[in-house]
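Q: I am new to this structure and would be grateful for a close look at a single part of it. Please describe that part in detail and then place it in its surroundings.

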Amino acid sequence: MFSLQNKVAVITGGGSGIGKAISLLFAKQGAAVHIIELNTDAATDVVAEIITAGGKAQAHAGNVTDQAAISAIFNGIGKVDILVNNAGIAHVGNLENTGEADFERIFQVNVKGAYNCLYAAVPLMKQNGGGAILNMASIAAHVGITDRFAYSMSKGAIFAMTLSVARDYLKDNIRCNSISPARVHTPFVDGFIAKNYPDNQAEIFEKLSKSQPIGRMAKPDEIASLALYLCADEAGFTTGTDYPIDGGFITLNN
Ligand SMILES: NC(=O)c1ccc[n+]([C@@H]2O[C@H](COP(=O)([O-])OP(=O)(O)OC[C@H]3O[C@@H](n4cnc5c(N)ncnc54)[C@H](O)[C@@H]3O)[C@@H](O)[C@H]2O)c1
């Protein structure tokens with residue numbers, strides 16, 4: 001089950017955290033994995049790990065905000081069966097302490113970056129008879145979270161783009177879904193704790209772990225398993241849906 005043999009999968013931000021776990025698992029299931037990354041060294045390391053394990057992978061240096069560069073990468077790959085729009089960045093702040101530059105930065109990477117990859121991938125999927133798209137949203141798209149104004153805006157847009165693309169490309173056999181994780185223990189989380197709470201990192205880590213009713217953060221592999229299901233042919237009846245994977249965050253936090 002869940003074989004990705006003969007599939008070509010493009011994963012943005014596959015050099016770290018959730019994207020890395022997805023890249024490793026998809027390659028293990030037989031996909032030829034293409035990682036688009038700002039951090040070329042990280043992407044090259046993941047590709048080396050995949051090739052050493054007998055899989056197929058290639059790293060592409062790229063910034064998802066750059067439409068021309070992203071289109072050139074996708075057109076160079078040619079055949080795309082799976083797109084995972086995973087690259088994303090965070091910002092901590094409410095409306096009043098989210099300046100224009102903060103808002104713009106989050107929009108460019110999290111929203112326009114996903115749009116650029118969809119824009120490049122969908123025509124290739126149409127030519128190829130279909131495909132599966134997975135967008136990385138967040139619980140911040142669904143519930144109010146303190147001090148996540150710009151980030152929530154971007155993940156709400158991801159959810160809305162998921163619905164729009166799923167609707168418009170039903171006839172082209174393209175499925176499009178999103179995943180909404182609660183906190184996942186990745187360098188993204190470690191980085192923003194270090195940056196925003198330098199003086200009480202352990203305390204904040206504990207607090208963020210406990211904010212999931214299940215009592216801990218998710219592991220990247222747990223997100224990758226859901227991603228595999230949604231991108232595999234076994235999920236052929238599944239489109240236009242968001243899947244929370246949140247240790248009970250949305251429904252049990254009362
Ligand atoms: N970690 C969490 O708790 C959590 C929870 C919900 C959703 N998410 C989402 O999951 C996704 C991955 O998060 P993660 O925790 O694995 O992050 P991470 O920081 O560990 O990895 C993200 C990767 O994306 C790459 N990247 C960033 N900007 C890029 C750009 N402009 N172009 C190309 N690559 C770029 C980075 O170099 C990095 O390797 C993000 O969209 C994030 O919003 C994370």
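A: In this predicted model, T12 stands opposite I36 in β2. T12 belongs to β1, and the two strands, β1 and β2, run parallel and are joined by 5 bridges. In general, strands of a sheet pair through backbone hydrogen bonds, in either a parallel or an antiparallel sense.

Strand β1 is mostly covered, with 5 of its 5 residues buried. In a regular strand, side chains alternate between the two faces of the sheet. From β1, V8, V10 and T12 point one way, while A9 and I11 point the other way. Residues of both sets are buried.

A9 deserves separate attention. Apart from its neighbours within four places in sequence, A9 is in contact with L4, F26, A31, V33, H34, D81, I82 and V84. The largest nonpolar core has 72 residues, and A9 is among the members that touch the most others, together with V33, A121 and A227. Helix α4 gives this core its largest share, 10 residues.

The wider setting of β1 is an open sheet of 7 strands, paired in parallel and ordered β3-β2-β1-β4-β5-β6-β7. At the edges lie β3 (56-61) and β7 (242-245), each of which pairs on one side only. From one strand to the next, the twist averages 15°.

Towards one of these edges, β6 (residues 174-181) pairs with β7 in the parallel sense over 4 bridges. Within that pairing, S178 has D242 of β7 as its bridge partner. Helix α4 (residues 100-127) packs on the sheet and touches β1 (8-12), β4 (82-85), β5 (131-136) and β6. The direction of α4 makes about 175° with that of β4.

The ligand brings several of these elements together. It is surrounded by 30 residues, of which G13, S16, G17, G88 and F188 are the closest. At least two residues of this shell are supplied by each of α1 (17-28), β2 (32-37), α4 and α6 (187-196). By class, the shell comprises 14 nonpolar, 14 polar and 2 charged residues.

To return to the part examined here, β1 is joined to β2 by 5 bridges, has 5 of its 5 residues buried and is touched by helix α4. Strand β2, where I36 stands opposite T12, also supplies at least two residues to the shell around the ligand.

Key. Residues numbered from 1 in each chain as written. Predicted model: local features only at pLDDT ≥ 70, side-chain atom pairs only at ≥ 80, totals over all residues. Pairing = 2+ DSSP bridges. Axes fitted to C-alpha atoms, helices over the stretch in contact; angles between N-to-C directions. Contact = placed C-beta atoms within 7 Å. Core = buried A, V, L, I, M, F, W, Y, C linked by C-beta atoms within 7 Å. Buried ≥ 20, exposed ≤ 12 C-beta atoms within 10 Å, placed from the backbone. Near = placed C-beta within 6 Å. Nonpolar A, V, L, I, M, F, W, Y, C, P; charged D, E, K, R; others polar.
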